[in-house]
Amino acid sequence: MIGAQAALETKMLLRNGEQLLLTVVIPTLLLVLFSSVDIIDTGKGEAIDFLAPGILALAVMSTAFTGQAIGTGFERRYGVLKRLATSPLPRWGLMTAKTVSVLVTEILQVVLLTVIAFALGWSPHGNPFAVLLLLILGTAAFSGLGLLMAGTLKAEATLAAANLVFLLLLVGGGVVVPLDKFPSGAQDVLALLPITALSDGLRDVLQHGAGMPWGNLGILAVWAAGGLAAAGKFFRWE
């Protein structure tokens, strides 16, 4: 039942034009544009080596947080979640299916963006296991926050808030703009955000060949534990 529901969730996501714009088109355009045109000073080295890890982090956020929050919020509004909750599929099974759908979508995103980045001259380094661990914890952190928003706010408020957060974190989360471009006081605060921890962690590993980024992993773990716990406690099914 979980597999069937996960397959349905994935098909619905991939057939949704707005979701595809958010999860595929925008990250791809940002990667190609900022790596081809000298708009932002990304420091020493090739721009693509700085941008690719940040865009991968953005892709995770777009699917696990923004897309999931909006989709689940409107399912809740239209009573879909309430009806599914009365089906033989248990509630935990429905949440598991949604998580599997997010992971499948992210795999497709990572493969597509990696191919494009390689075509643009990307030369990554580092430990693949560290990258995988960062992506998993990032997904957990953003999923918890997305479900918390979808389960507590009205659908229209979720739509507005999720898109606003996406835009703010795109600019201030170290995705395409280096953190050192911000005032020192702001840098300390921004460094604690999940998108910053994910993008900086991926960049440390893939661009600089660093080992396990324990500090960034710790920040993501805290966000994941807090977000999932809060979503489990406050999520309303109707």
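Residues 52-74 are 100% helix and 0% strand in this predicted model. The C-alpha atoms at the two ends of that stretch lie 32 Å apart. UniProt, in an unreviewed entry, marks residues 52-74 as a "transmembrane region". The same feature is placed at residues 20-40, 100-123, 129-150, 157-179 and 214-235. Residues 20-40 come out at 81% helix and 0% strand. Their end C-alpha atoms are 26 Å apart.

Now step back to a wider span. The unreviewed UniProt entry lists residues 14-238 as "domain: ABC transmembrane type-2". This span is 76% helix and 0% strand. Its end C-alpha atoms are separated by 25 Å.

One helix to follow by eye is H5, which covers residues 91-119. H5 has 29 residues. From first C-alpha to last, H5 reaches 42 Å, close to the 42 Å expected at 1.5 Å a residue. Just after H5 comes Gly 121, with a positive phi of about 100 degrees.

Next, look at what packs inside. The largest nonpolar core holds 47 residues. Leu 31 and Leu 202 have the most contacts within it. Seven helices are listed as supplying at least two residues each: H2 (17-36), H3 (47-77), H5, H6 (128-152), H7 (155-172), H9 and H10 (214-234). H3 gives the largest share, 16 residues. Another core, of 8 residues, lies apart from this one. Among its members are Leu 89, Met 95, Leu 147 and Trp 237.

Which residues does Leu 202 touch, leaving aside those up to four places away in sequence? They are Pro 53, Leu 56, Ala 57, Val 131, Leu 134, Leu 135 and Gln 207.

Finish in helix H9, residues 194-206, where Thr 196 sits. Is Thr 196 buried or exposed? Thr 196 counts as buried, because its relative accessibility is 0%, and buried means under 20%. Its side chain reaches the backbone oxygen of Leu 190 at 2.7 Å. Leu 190 is also one of the residues that Thr 196 touches, not counting those up to four places away in sequence. The others on that list are Gly 172, Gly 173, Leu 179, Ala 191 and Gly 201.

Conventions:
Residues numbered from 1 in each chain as written. Predicted model: local features only at pLDDT ≥ 70, side-chain atom pairs only at ≥ 80, totals over all residues. Heavy atoms only, no water. Helix = DSSP H or I, 4+ residues; strand = E, 2+ residues; numbered from the N terminus. Expected span 1.5 Å × (residues − 1). Buried < 20%, exposed > 50% of the residue type's maximum accessible area, 1.4 Å probe, protein only. Polar contact = N/O pair within 3.5 Å; in protein donor to acceptor, adjacent residues only side chain to side chain. Contact = heavy atoms within 4.5 Å. UniProt positions renumbered as here; feature names shortened; annotations may be inferred. Core = buried A, V, L, I, M, F, W, Y, C linked by side-chain atoms within 4.5 Å.
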